Amino acid sequence: MADAEPYEPTIPDLRDPIRAALDSVLDVARPHTDGALASYIPELTRADPEALGAALASVRGSVHESGDSETTFTIQSVSKPFVFALALEQSGLAEVIRHVGVEPSGEPFNAISLEPATGRPLNPLINAGAIVMSSLITGDTAAEKFAIIHAGLNAFAARELDLDESVFESEHATGDRNRALAYLTQSAGTLGSTAEVATGAYFRQCSVSVNARDLAIMAATLANGGRNPISGERVIGEDVARWTTSVMTSCGMYDASGDWLVHVGLPAKSGVGGGIVAMQPEEFGIGTFSPRLDARGNSVRGIVMLRTLSERYGLHMLQHRGAPHSPIAQLERDDRVEGGGDTIARLRGEVFFAGAEEVLTRLAPLVGDGGCLVLDFSNVTRVGDAAAALFRGLPDVAGLGPDGRPRVAVLDPEGVLVGDA
Ligand code: DON
C-alpha cells in the first residue's frame, strides 16, 4: 500500500488561526528564491538563505509566529525608525527637524545627498539621516549613546537584545562610506557629535540581534501609540509614534517607497539583515525575516509575504472599509414635558470626528425653544478627543430655553466624554 498523503488541513487550525494564515503566506513566499544575501561584510553571507519567518503581535498583546520566527539576524536599518523615535522622545520634533528632513529621497539608502539650503539629510531613514539621529542621542561617547539606544530598542522589543560583536567589528572596519556621510553632515552643521562618535553608535545599533518576533513586538508598540503591548511600558509618546510611522509611510522602503505604499499600504522599514517591520495603526505589528535581498536592499520574500497578507486580508491602511455605522441608534420623543417634548438620542459604538459631525448636523434642527435634546452616551464605547470636546461644550453653547431648562443635556454614565486620564 502506498504511503498516506500528508494530512493537509482544509480548515484553519482553530488553536491559532492567525498562525495558520501566516503559515499560508510563508508558503506563497517560499518559492521566491531570487535576490542575494547582503555581501558587503562576510558575516551577512553566513545567513541561511532559505530562512523564512514571520510574526504578528496585536496591540492587545498576543503574538502569532510562523516558520523561522526565532532565528536571529542583525536589525540593521530596521533600527532607524526606532532611533528616530528615541531622538524625538528625547529632544522633541522642533529640535530633531533642525537636523533632519522628513521628505522621501527617492534615492538608495546610502546616497550621498543633503538638502542644499539647510545641509540636512532628506530623512532619518536613509543612512545620512540615521547617523545624524544616532549623533543626537545623549552621551559623549559612542558607547554612552549606544547604551541609551540599546535600552530603547530593548523597551520596544520587551526583552534584552544582544549585540552581534562580529557584525559590529565588520561594520566598523568597512564603514568608510558611512563615515563619509557623517563628515558631510558634520561640515554642514547638522551632526550632533563628532563623526567618529556618531558612526560608532550607528554601527552598534545596526548590529543588534533580533528575530521576527522581536520586530513584530517593536512594530506593535508603534501601532499601540507607543505603549508596548507585551510589557505595558510606555516607550514613547503618542505624538512620537505618529511622527515615526508617518516617516515610515513615506520613506521606509527607500526608492521603493511609492510602490510599497500602493501595493502594501502599511508603514514599514527594511534592513539588509533580511528583516522588515510593518504595522497597522491601532491593530498590530508584523516582523518578517528572509535574508535574500533585491537590488534596493529589501528582502524579496519579506515583500511577497507582506504584499500577500495585505492583499488577502485587506490590510492597506487606506482601504475603504465602507460607511461607518451611524452613531444614532434611536431617537425617542418624550411628550410628558409641558411646553414641548424632550427628544432623547440614544447613541452607540465608537464616535470620532465624522460620527460627531453626523450627530451634530442631524440633531441640530431639534434644538429649539421647546423641550430638551438629551444625548445619551450610555451605549457609546469610545469617543475621540476632538469629538468629546465638541459634545462636552454643547450644553453651554445651547444655553437655556424660555422655560429655564437646558436646551441640550448630556447623559454620560460611563464617563466616555471625560477621556483617558
Ligand atoms: O549602514 C549600513 O551600511 C548598514 N549597516 C545598514 C544598512 C541597511 O540595512 C540598509 N537597508 N536596507
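Which residues of α11 are buried? Keep that in mind while opening the structure, which is a predicted model, and begin the tour at this helix.

**Helix α11**

Select residues 238–251, the 14 residues of helix α11, and place a distance marker between the C-alpha atoms at its two ends: they are 20 Å apart, which agrees with the 20 Å that the helix should span at 1.5 Å a residue. Now show the side chains of V240, A241, T244, T245, V247, M248, T249 and C251, which are the buried residues of α11. To see what covers these buried residues, add helices α3 (79–91), α10 (212–223) and α12 (257–263) to the selection, together with the strands β5 (268–270) and β6 (275–280), all of which are included in that cover.

**The aromatic pairs**

Turn next to the aromatic side chains, among which the structure holds five pairs. Select F82 and F156, whose ring centres lie 4.9 Å apart; because their planes stand at 65 degrees, and over 60 counts as edge-to-face, the pair is given that name. F82 belongs to helix α3 and F156 to helix α6 (residues 142–157), so this pair ties together parts that are 74 residues apart in sequence. F82 is buried, with a relative accessible area of 0%, and F156, at 0% relative accessibility, counts as buried too.

Move on to F109 and Y254, where the ring centres are 5.6 Å apart and the planes meet at 45 degrees, so that this pair is tilted. Here distant parts of the chain are linked, since F109 sits in the loop between α4 (93–99) and α5 (127–136), while Y254 sits in the loop between α11 and α12, 145 residues apart. Colouring by accessibility separates the two partners: F109 is partly exposed, with a relative accessible area of 24%, whereas Y254 counts as buried at 6%.

**V235, in the loop before α11**

For the last stop, select V235, in the loop between α10 and α11. How is V235 classed, buried or exposed? With a relative accessible area of 13%, V235 is buried, because the cut-off for that class is under 20%. Show the residues in contact with V235, leaving aside its neighbours within four places in sequence: they are E89, G152, A155, F156, T221, G226, R227 and N228. F156, one of these contacts, is also the ring that pairs edge-to-face with F82. Finally, draw a C-alpha to C-alpha distance from V235 to G225, which lies ten residues away in sequence and 9.3 Å away in space.

Methods. Residues numbered from 1 in each chain as written. Predicted model: local features only at pLDDT ≥ 70, side-chain atom pairs only at ≥ 80, totals over all residues. Heavy atoms only, no water. Helix = DSSP H or I, 4+ residues; strand = E, 2+ residues; numbered from the N terminus. Expected span 1.5 Å × (residues − 1). Buried < 20%, exposed > 50% of the residue type's maximum accessible area, 1.4 Å probe, protein only. Contact = heavy atoms within 4.5 Å. Phe/Tyr/Trp six-rings, centres within 6.5 Å; stacked < 30°, edge-to-face > 60°.
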